[in-house]
Amino acid sequence: EVLGQSRRSRPGLVRLVNGAFGDAFAPGLSRQEVELAPVRKELVPDAALANWVLNGRNVTERAAALAEGVKALVASGYRVVDPSSGNPRPAHFGDIAVLCKTNAGVQTVAEALRIASVPWATQQSGLLSTPEAVLAVACLRRFNDPRDTLASAEIVSLADCEEPESWLADRLRYLEAGGDSAQWRDGTEGGHPLLARIAKLREQAPLLSPYAAMELVVVQCDLAGRVLRWRRNELVAQVRLANLQALLGLARTYEDACLARREPGTVSGLILWLGEQAGAQQDMLAQPPVDAVKIMTHHAAKGLEWPIVVLLDLEKDIQDRIWSVGARSEGRLDVAAPLKDRWIRYWPWPFGAQKKVDIADTIAQSAEGVRLRAEAIDEAKRLLYVSATRARDCLVFAFPAKRGACEWLGSLNAPWLVPDVADDAVSLADGSRVSCDFRSFDAPAAPSVAVEPDSPLHWFRGTESRTERLPATLVASATQARACRITDSA
């Protein structure tokens with residue numbers, strides 16, 4: 001992977017990584033053994049390194065400032081080398097990856113990009129909390145139980161984006177007039193079309209498997225058409241449709257699990273199982289092939305690469321594993337007996353909620369504490385090396401305005417990576433210079449509302465004419481009269 005990176009990355013980035021990590025690895029490896037050799041020619045004049053200052057009082061505001069930086073980078077026309085053609089071209093959102101230290105950070109960045117109308121994709125949980133999945137599950141719940149009035153409220157609120165003040169007042173008037181709570185807006189006259197449609201479909205419930213019931217609700221209620229009306233944005237539309245497909249995939253997974261356990265699968269069981277999946281954060285969001293910013297953790301980025309990589313959380317402290325579970329080996333690995341001389345060490349934290357204890361500092365300075373601290377620093381360096389070598393054209397260091405000592409990045413002993421004064425280049429230890437773009441971004445005062453054109457949503461080539469086709473099945477008694485012609489053939 002390292003050798004491949006030297007072929008794909010631009011020379012400026014290779015020199016930057018060599019200067020930052022050349023002397024930062026474990027003893028026993030010479031500088032020549034860890035250095036990369038640039039092979040690719042320098043084809044673009046834009047800066048290979050960028051230092052971004054994210055202004056904000058909290059992580060939410062700094063994530064919003066990051067979104068502004070991503071939009072500004074794409075709008076600037078920054079040029080990258082296309083991996084397929086090898087020619088320079090302007091960067092787009094799909095060329096950018098944002099790496100965070102924790103899954104919580106991934107979710108914060110994703111929410112900030114969503115508010116800023118920047119397309120994003122991430123392999124994270126949260127499928128069942130998306131509006132399209134909430135609507136689909138509400139329809140399934142209403143299909144399964146006509147007394148689920150909460151599902152009715154969710155359907156009315158989400159399907160047509162009706163404000164709560166409107167449908168809640170209508171429901172109160174309905175109940176005051178003596179109407180049945182379970183049949184609110186369920187009729188054909190004055191009712192909601194989705195609720196009326198689900199009521200007609202309910203007679204098929206005894207004959208359907210859980211997956212078939214979910215598929216019937218999604219198709220017959222035209223949920224794809226419903227969610228496409230929420231926003232006229234092709235990228236968002238593709239993500240919403242992919243999420244509906246992923247929801248059907250979860251229903252199929254539930255049926256397979258029931259089959260493996262030799263248990264009956266029911267619609268009620270599917271609904272409960274979906275709730276368990278959401279609670280266990282196993283409801284993974286779909287990742288459609290769209291032009292979107294990729295968001296993931298530093299660990300998840302191993303083996304991947306992008307033209308532009310934004311590194312976050314570099315100011316975080318390095319966490320050692322003194323007070324945790326860890327496996328130790330006393331000798332070399334024996335293939336015939338891999339568990340020989342291997343044991344588990346666990347030091348529980350005995351001080352409850354207290355964070356600063358004098359004896360804890362004494363333990364951290366012991367021989368075992370010093371060894372574990374050194375291992376944590378080496379592991380942090382390796383992870384930072386992996387993250388820094390994910391970029392092919394531009395590496396972005398993003399820091400908060402008040403970042404402190406930056407323990408993680410400081411483990412490299414390369415303060416020149418993030419100079420205190422804005423400059424158009426950074427000076428490496430060997431005296432050479434690498435171009436650098438220094439920018440500062442603020443969170444917008446108020447979320448911007450994008451005005452979307454009122455045009456049909458499609459990402460495929462349409463046709464001018466449509467051929468009328470006969471129905472798949474034909475019932476003679478129900479067939480309408482059609483013009484016919486009788487001919488005599490030889």
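Which residues form a nonpolar patch on the surface? Select Val325, Ile344 and Tyr346: together they make up that patch, with about 360 Å² of accessible area. Patches are built from residues with over 30% relative accessible area and no salt bridge, where like charges are joined within 9 Å and nonpolar side chains (Val, Leu, Ile, Met, Phe, Trp, Tyr) within 5 Å. Accessible areas come from the Shrake-Rupley method with a 1.4 Å probe, and for residues only the protein chains shown count as cover.

The model is predicted, so local features need pLDDT of at least 70 and side-chain atom pairs count only at pLDDT 80 or more, while totals for chains, interfaces and linings use all residues. Residues are numbered from 1 along each chain as its sequence is written, and side-chain values use heavy atoms, with hydrogens and water left out.

Stay with Tyr346, which lies in strand E9 (residues 342-346). Helices (H or I, at least four residues) and strands (E, at least two) are DSSP runs, numbered from the N terminus.

**Aromatic rings**

Next, select Trp323, Trp347, Trp349 and Phe351, which form one aromatic cluster. Rings of Phe, Tyr and Trp (its six-membered ring) pair if their centres lie within 6.5 Å; planes under 30 degrees apart count as stacked, over 60 as edge-to-face and the rest as tilted. The structure holds 7 aromatic pairs.

One of them joins Trp167 and Trp184, a tilted pair with ring centres 6.2 Å apart and planes at 45 degrees. Trp167 is in helix H8 (residues 164-176) and Trp184 in the loop between H8 and helix H9 (193-201), 17 residues apart. Are these two rings buried or exposed? Trp167 is buried at 13% relative accessibility, and Trp184 is buried at 2%. Buried means under 20% relative accessible area, exposed over 50%, and partly exposed in between (1.4 Å probe, protein chains only).

Return to the cluster and pick out Trp349 and Phe351: their pair is edge-to-face, 4.9 Å centre to centre with 80 degrees between the planes. Trp349 is partly exposed at 29% relative accessible area, and Phe351 is partly exposed at 21%.

Now add Arg345, which lies over the face of Trp347, at 5.1 Å from the ring centre. A charge sits over a ring if NZ of Lys or CZ of Arg is within 6 Å of the ring centre and within 35 degrees of the ring normal. Lys101 lies over the face of Trp408 in this way, at 4.9 Å from the ring centre.

**Salt bridges**

A salt bridge is a side-chain nitrogen of Lys or Arg within 4 Å of a carboxyl oxygen of Asp or Glu, and the count comes to 19 salt bridges.

Select Arg141 and Glu154, whose side chains meet in a salt bridge (2.9 Å, N to O). Arg141 is in helix H6 (residues 131-144) and Glu154 in helix H7 (residues 149-159), 13 residues apart. Arg141 is buried at 16%, whereas Glu154 is partly exposed at 23%.

Move on to Arg373. Its side chain meets Asp320 in a salt bridge (3.6 Å, N to O). Asp320 is in the loop between strand E7 (306-311) and strand E8 (325-329), and Arg373 is in helix H15 (residues 367-388), 53 residues apart.

Arg373 also forms a salt bridge with Glu407, the closest N and O atoms being 2.8 Å apart. Glu407 lies in helix H16 (residues 407-410), so this pair ties together parts that are 34 residues apart in sequence.

To finish, select Arg345, Glu368, Arg371 and Glu375, which are joined into one network by salt bridges that share partners.
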